[in-house]
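Trainee: I'm new to this one. Could you pick a single part and walk me through it closely?

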Amino acid sequence: MDPGLRREDEGIFDERNSSTSSEEGMASGSTVTRFAPSPTGYLHLGHVRSALEGWRAARCAGGHFLLRLEDIDRSRCRDEYAAAIIEDLAWLGLLWDGVVRKQSEHFDDYRGALDRLEALGVLYPCFCTRREIQDEIARAGSAPHVQSGRSYPGTCRGLSPGQWAERQHSGLDYALRLNLAGALALTGPLDWFEDGADGPRRQAADPAPLGDVVLARKDVPASYHLAVTVDDALQGVTLVTRGADLVEATHVHRVLQALLGLPTPRYRHHVLLTDTTGRRLSKRDRALTIRSMRQSGMSPGEILARAMEAAG
Ligand SMILES: [Zn+2]
């Protein structure tokens, strides 16, 4: 563990009701999972599937299930959605252990990680136009799995350090991107354990498709990729359960773990829910928010069953 990164799991677990079992659990390396939605809308049936995966894995193993709100984008996140997520999860009975971690309260942690990456020489400033950056933020913010890096041509990576400094000092806004080639030269080949139907298997990391991801946005001193990687380590997460749409991000997160000296959890990427026509569920399907399902009279059990059923 990087001494520069503050471990918070002790603080979190101190506040848990069953403190004795939690300490034993941590000591024996028990399963710690998390559900990490962004409060940009109401909880959706697809979210419930993700939450259930983490909750069940933790409960079956006698471990801990954590809740984290990924709310670094203050322009899109709303407190009312955060409150609704918490309320809906509790209503569903998907209770979490310890305090809820809100990423917006932990920018110091992400700054510490950026400093370390900077010291390794694997960051560079990106001054690309507002329009280009906004497009990237929209893609990365609304759907982090979208391959924004693939479309970034690496323009600013090719600038000289003198040009970087000149532009930074001129007051131009800039994002910080990962120099992936430089990073991989430091880390060498990487892999992780993916929990599949047949048990864990070794998965080689191939971060090339996402390319030079943004690690500090122009408007936010962090990014999805950075915050997730740092938080999973700080919270002691041992098993990350999330949708298959995020598997490409995992390849990048593995690289960040290696650079930052953070432990690598196991991963379980679950199938995404689809509607009756096979189309992936999305936030646009308002009828599938937990709010509307509750209002239609469905019970928690019925909604949980539907979340697993729809997964096939
Ligand atoms: Zn650029």
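Mentor: Sure, let's take helix α4 and go round it. This is a predicted model, where local features need pLDDT of at least 70, side-chain atom pairs count only at pLDDT 80 or more, and totals for chains, interfaces and linings use all residues. Residues are numbered from 1 along each chain as its sequence is written. Helices (H or I, at least four residues) and strands (E, at least two) are DSSP runs, numbered from the N terminus.

Helix α4 covers residues 79–92, which makes 14 residues. At 1.5 Å a residue (times one less than the number of residues), α4 should span 20 Å, and its end C-alpha atoms are indeed 20 Å apart, so the two agree.

Now for its sides. Ile85, Asp88, Leu89 and Leu92 are the buried residues of α4; buried here means 20 or more other C-beta atoms within 10 Å of a residue's own, exposed means 12 or fewer, partly exposed is in between, and C-beta atoms are placed from the backbone. Those buried residues cover an arc of only 100° around the axis, which puts them on the same side of α4. That arc is taken from the directions from the helix axis to the C-beta atoms. Turn to the face away from this buried side and you meet the exposed residues Asp79, Glu80 and Ala83.

What do the buried residues of α4 pack against? Their partners are α3 (45–60), β2 (64–69), α12 (290–295) and α13 (300–309), with contact meaning C-beta atoms, placed from the backbone, within 7 Å.

Finally, Gly93 follows α4, and its phi is positive, near 85°.

Conventions:
Two residues are in contact if their C-beta atoms, placed from the backbone, lie within 7 Å.
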